[in-house]
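Please look over the structure below. A short report on its contacts, charges and fold follows.

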Amino acid sequence: MDKVVGRVIGYKAISIIKVVSIFVLLLLLSPFILGLVSLATSLDLDWGQLWAAHSSALWNSYSYALLSAVSTCLLAWLCTLGLFVSYDDATRRRVALLCLIPFFASTAARLFSWVLLFSSFGVVGRLLHGLHLLPPQESPLSLPSTLVFALITIYLPVSIFAFYSFGSSVPVSVEEAATVLGANSLSINLTLRRRRLAWAFAVAFVFVFVSCHSAFMVPSVLGGSAGWFVSTSVDYLLNVALRRDAAFFLSNLDTFILTLGFLLVGFSSYLIGKLRSGAVK
Amino acid sequence: MRALIWTVVLIVFLPVIYLLYAGLNNSEFMSADFRGFTLMWLTNAVSDPRFLQALAVTLLKFIVVGSFACVLALVISIGYLTSRRWFRIVVICSLVILFVVPPTFYCLNLLSIARSIGLERGLFLAIVAQTVQALPTVTGFLLLTLRNLNLNEFEASVLLGAPIPLALWRFVGKKIFSHLLLAFSIGGYISLDDLVANVYLGGDTGGISITKLIWESMRSDVNPAIAWYSLTLTIIGAFIIVQFARVDSQNSKPKDVVTRF
């Protein structure tokens, strides 16, 4: 592409575009760099005390994000497998698009609806109290399972669509060949689409995990004490406890752990891929 | 398997269906009991000046964030595709970092930088934070689109003497127009979820968006008009579904063997 673009719009223009791209990215990354620098310079803070006070927020953020991401991906994988096994090409495309529609109702809109349904006067709340699954004095809104359920339902539509998109990239001729050779629908989908669905799992997992981890609105309203995520704790420290230094410390530490974790996982999977391709050669 | 799929479809649609039900139910409280059909809550919402102001702010952000994210993503994508390895690694790492960093962290540190250069909270800072939030997704989408683009026809027409803008529109712009529109709407959609940016960076001059209006109403005065605020956001979000469907139908069309001129 670079040669064609270079010949047509000129290599000078390409150089300008590259410089502008790097400049824009550096400019946009400056808050991240500032955060890391201020984390490094906050060594005089009492880390032990801060860790004791806010480790539960870090734990909640990571554990509930992990639980929600794994559950969402497993459910999406099952649904997509069901789509491929039970429906023809045109129908499964329509169903996948249908599943995607609720994702574009904004998070605030869907959260508001779940709050109404799970409140003590809502359908689900009344059902839980009526079946004596929950004591009358306890609100379903404060259950950790409600928090996880809301996070799953918010990101499930887009995960199903991601699984469907990856899974449908298997050529039709390969499916036909497997059918001629006597494979049934389930085994075709389990074996032929396995690799692509594994990629879909990785992509959907990263997206859902990052989104759940940085969620602010959902844990503020649902989950009771389980809703003490880093985002909500930072908000509390800034606006209620008026502890600006602790808020910055917690936020910077969390971002440092998360970014480092993702970059390490990314580089190690890249290196493993390189080593494997080298071994094949 | 079919039962599982349709149960999941029902569960993910339930919030939207319930919002419609609550908005049309003739009950002052958001109870589950049906007390007749009314459009009073819709009338109340539409005649509320705060809601109309919030709608204007939301639409403004949708358009500005969508456009900014689209233009920046296009520049970064062209830079990426015309570069060597080291540049690509820098771009990918930067986008991964921007994707991973929580909005709370980004907004707090952006505000510190803005204050150090004399900028105060307001709509501009909120738009910057929202554009950054949208940028990785929009760039990822445009990168895939541009990578699969065949530029041979474009180059051939330029070599044969066609004016560059015309050839650019005929052989590139037309092909990726629906994808660009989808990229724009993805950026705009991400701007709808703007509570963190609005709370931390909006300030008094940042304006109240529909999301913030829902948030404030949820905490103070829960009434069925909020259902219509939420449904309005859903209708704005429907813009992206239309773009998705357009791109999907374009991709599923059988391709001509012979290109017609």
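## A serine at the interface

Leaving aside its neighbours within four places in sequence, A:S21 is in contact (heavy atoms within 4.5 Å) with B:V75, B:I76, B:G79 and B:F87. A:S21 sits in helix α2 (residues 11-40) of chain A. Helices here are DSSP runs (H or I, at least four residues), strands likewise (E, at least two), and both are numbered from the N terminus. A:S21 counts as buried because its relative accessibility is 0%. The classes are buried at under 20% relative accessible area, exposed at over 50%, and partly exposed in between (1.4 Å probe, protein chains only).

The model is predicted: local features need pLDDT of at least 70, side-chain atom pairs count only at pLDDT 80 or more, and totals for chains, interfaces and linings use all residues. Residues are numbered from 1 along each chain as its sequence is written, chains are lettered from A and ligands numbered from 1 in the order in which they are written, and side-chain values use heavy atoms, with hydrogens and water left out.

Helix α2 of chain A also holds A:L27. A:L27 counts as exposed because its relative accessibility is 52%. From A:L27 to A:L190 is 163 residues in sequence and 46 Å in space, C-alpha to C-alpha.

## The interface of chains A and B

How many residues does each chain bring to the contact? Chain B brings 80 residues and chain A brings 86 residues. About 7700 Å² is buried between them, and carbon and sulfur atoms give 80% of that area. Buried area is the accessible area (1.4 Å probe) that two parts lose on being put together, summed over both. B:T82, B:V100 and B:F105 supply 8% of the area that chain B buries against chain A, more than any other three residues.

Helix α1 (residues 2-24) gives the most to the side of chain B that touches chain A, with 14 residues. That side has 60 nonpolar, 13 polar and seven charged residues. In this scheme Ala, Val, Leu, Ile, Met, Phe, Trp, Tyr, Cys and Pro are nonpolar, Asp, Glu, Lys and Arg are charged, and the others, Gly among them, are polar.

Between chain B and chain A, 11 residue pairs are in polar contact (both at pLDDT 80 or more). A polar contact is a pair of N or O atoms within 3.5 Å; within protein, one must be able to donate a hydrogen and the other to accept it, and residues adjacent in sequence count only if both atoms are side-chain atoms. Zero salt bridges cross this interface.

## Salt bridges

Side chains of opposite charge can pair when their charged atoms come close. The rule asks for a side-chain nitrogen of Lys or Arg within 4 Å of a carboxyl oxygen of Asp or Glu. Over all chains the count is three salt bridges.

| Pair | N to O distance |
|---|---|
| A:R92 and A:D89 | 3.8 Å |
| B:E216 and B:R50 | 3.1 Å |
| B:E120 and B:R115 | 3.4 Å |

A:R92 and A:D89 both lie in helix α4 (residues 89-100) of chain A, three residues apart, about one turn of the helix. A:R92 is buried at 8% relative accessibility, whereas A:D89 is partly exposed at 47%.

The salt bridge of B:E216 and B:R50 links distant parts of the chain: B:E216 is in helix α10 (residues 210-219) of chain B and B:R50 in helix α3 (residues 49-81) of chain B, 166 residues apart. B:E216 is partly exposed at 28% relative accessibility. B:R50 is partly exposed at 43%. B:R115 is partly exposed too, at 36%.

## Cysteines and a backbone angle

Disulfides (cysteine sulfur atoms within 2.5 Å) number zero over all chains. Why is A:C73 not bonded to A:C212? The sulfur of A:C212 is the closest cysteine sulfur to that of A:C73, but at 9.5 Å it is too far for a bond. A:C73 is buried, with a relative accessible area of 0%.

Most residues other than glycine have a negative phi. A:H132 is not a glycine, yet its phi is positive, about 60 degrees. A:H132 lies in the loop between α6 (123-130) and α7 (144-167) of chain A. A:H132 is exposed, with a relative accessible area of 71%.

## The fold of chain B

Chain B has 11 helices and zero strands. Its C-alpha trace spans about 70 × 55 × 40 Å along the principal axes. Of its 261 residues, 52% count as buried. Among contacts in chain B with a separation of 6 or more, 69% come from residues 24 or more positions apart.
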